Amino acid sequence: MTSNAHDDANRVILFDTTLRDGEQSPGISLNGAEKLEIAHQLARLGVDVIEAGFPIASPGDFEAVQGIAREVVGPVICGLARANPQDIDREDVVLSVHCHDDLGLAVANSLAGLQAGARQIECAVNGIGERAGNASLEELIMLLHTRRADLGYHTGAVTTEIARTSRLVSRLTGYPVQPNKAVVGRNAFAHESGIHQDGVLKERTTYEIMDARTVGLDANSIVLGKHSGRHALRQALEDLGYKIDGAALNHAFQRFKEIADRKKQVTAMDLEALVTDELREEIPTFAVEWFDVEASTRRPPHATVAIRTPAGQTVEGSFTGDGPVDAIFRAINSATGIDARLRDYRVDAVTGGQDALGEVSVVVELGNPEDAVKADIPGVLAGQRVTGAGQAVATDIIEASATAYVRALSNAVGKAQAAADAAPDPAELARTP
């Protein structure tokens, strides 16, 4: 935060709660590396305060907040804490507004808060958060940027980082951005009606109050191919804000070559997807070793998979299904011994074209007591239901689907185990004083 932010009466402080309130959205489960990458991107965007989590909630949350505080430079890093008199009995107070979108009015109510005297807005990227979500960070930034002459308020945001921030959060959380969402939806600057197209071609401001370049939507000019080397890849990643070297660069280069062999061109958005996909491998999880899928209209599709467990063992399973993706999901359940139920499945293209990378998002649910017996998941013994989300990218949709499914399974199992670790010992509860 700049030193004169409090001195400027019309300077609005951007308090981002994507990593705290946003992560409380059902199905979202970010690992430490993913949280850190989002925090770095929020710093590039220019937010003033990052609410990095609720440190007392779990050791993992504490470590994530601590890691962000140590590594991220620029914004103030804070964590949610319970209110105590000694924490709030101060004279230097900034009035803040925190709105949710239950009636679609979070941004409007936040603006009303500013006009009533607040100078800090609590918001989240893409408006994610509890229930209907928080006030949308990107909408508030562009509202104050576009209407500064009328409203008089301003922020320290770097607006050209908005689109990339939105894509990163969407990709890591598995929460899609609706096509018609203001500022960052894929249709936000699209025109299909003939009269609209004619008007925009003659004078852009006829139908666009913002320039797409202002929010960073022209940042897809980087193009690499299968003949590009490590130096070109590293430079392209640095241009996107990712600084990697050594073993991490070698691994990214290997993934890049695999993709470049299947695609004629690898764009900036492809590289973003590749880097964020690598962040999901930072924790011990279930992983796909290999798979075989047979699909035909004459017989049910059949899949066989080999899965590496978090303990390092390789287990195999086979199953049929309604389609090749369903068959591979059932085969993964068979291999792991966990009867996970599919709750959501979505496929999107990272870019256009027949050779586009496919991005798959999966949400699974655990809850059967038998799951705990088969897979040693104590947190499910009580019968509570837990969900986990997973995402993956690949040019092969079945490969991406299988990887996303095991990541979702890993996140669900992790939640169940964390719940079990946090639960009080029944023996302790049974003791009499």
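Leaving aside its neighbours within four places in sequence, which residues is Ser136 in contact with? In this predicted model, the residues that Ser136 meets are Val107, Cys123, Ala124, Asn126, Gly127 and Lys181. Ser136 itself sits in the loop that runs between strand 5 (120–123) and helix 5 (137–146). With a relative accessible area of 4%, Ser136 is buried. The side chain of Ser136 also takes part in a polar contact of 2.7 Å, and its partner there is the side chain of Glu138.

From this loop, the description can turn to charged residues. Side chains of opposite charge can pair when their charged atoms come close. In the present model, 16 salt bridges are counted, and a few of them are described here one by one.

A good place to begin is the pair formed by Asp48 and Arg11, whose closest N and O atoms are 2.8 Å apart. Asp48 belongs to the loop between helix 1 (32–45) and strand 2 (49–51), while Arg11 belongs to the segment before strand 1 (13–16), so this salt bridge ties together parts that are 37 residues apart in sequence. How accessible are the two partners? Asp48 has a relative accessibility of 2% and counts as buried. Arg11, at 7%, counts as buried too.

A second salt bridge joins Arg343 to Glu365, with 2.9 Å between the closest N and O atoms. Here the partners come from two strands: Arg343 lies in strand 11 (residues 341–349) and Glu365 in strand 12 (residues 358–366), so the pair links parts that are 22 residues apart in sequence. Is each partner buried or exposed? Arg343 counts as partly exposed, at 47% relative accessibility, whereas Glu365 is buried, with a relative accessible area of 12%.

Arg164 and Glu161 form a further salt bridge, in which the closest N and O atoms are 3.0 Å apart. Arg164 is buried, its relative accessible area being 10%. Glu161 is likewise buried, with a value of 15%.

Salt bridges can also be followed through a group of residues. Which residues are linked in a network of salt bridges? Arg20, Asp21 and Glu51 are connected in this way.

Taken together, these pairs offer a first tour of the charged contacts in the model. The salt bridge of Asp48 with Arg11 and that of Arg343 with Glu365 may be viewed in the structure above, alongside the buried Ser136 and its polar contact with Glu138.

Note on methods
Residues numbered from 1 in each chain as written. Predicted model: local features only at pLDDT ≥ 70, side-chain atom pairs only at ≥ 80, totals over all residues. Heavy atoms only, no water. Salt bridge = Lys/Arg side-chain N within 4 Å of Asp/Glu carboxyl O. Helix = DSSP H or I, 4+ residues; strand = E, 2+ residues; numbered from the N terminus. Buried < 20%, exposed > 50% of the residue type's maximum accessible area, 1.4 Å probe, protein only. Polar contact = N/O pair within 3.5 Å; in protein donor to acceptor, adjacent residues only side chain to side chain. Contact = heavy atoms within 4.5 Å.
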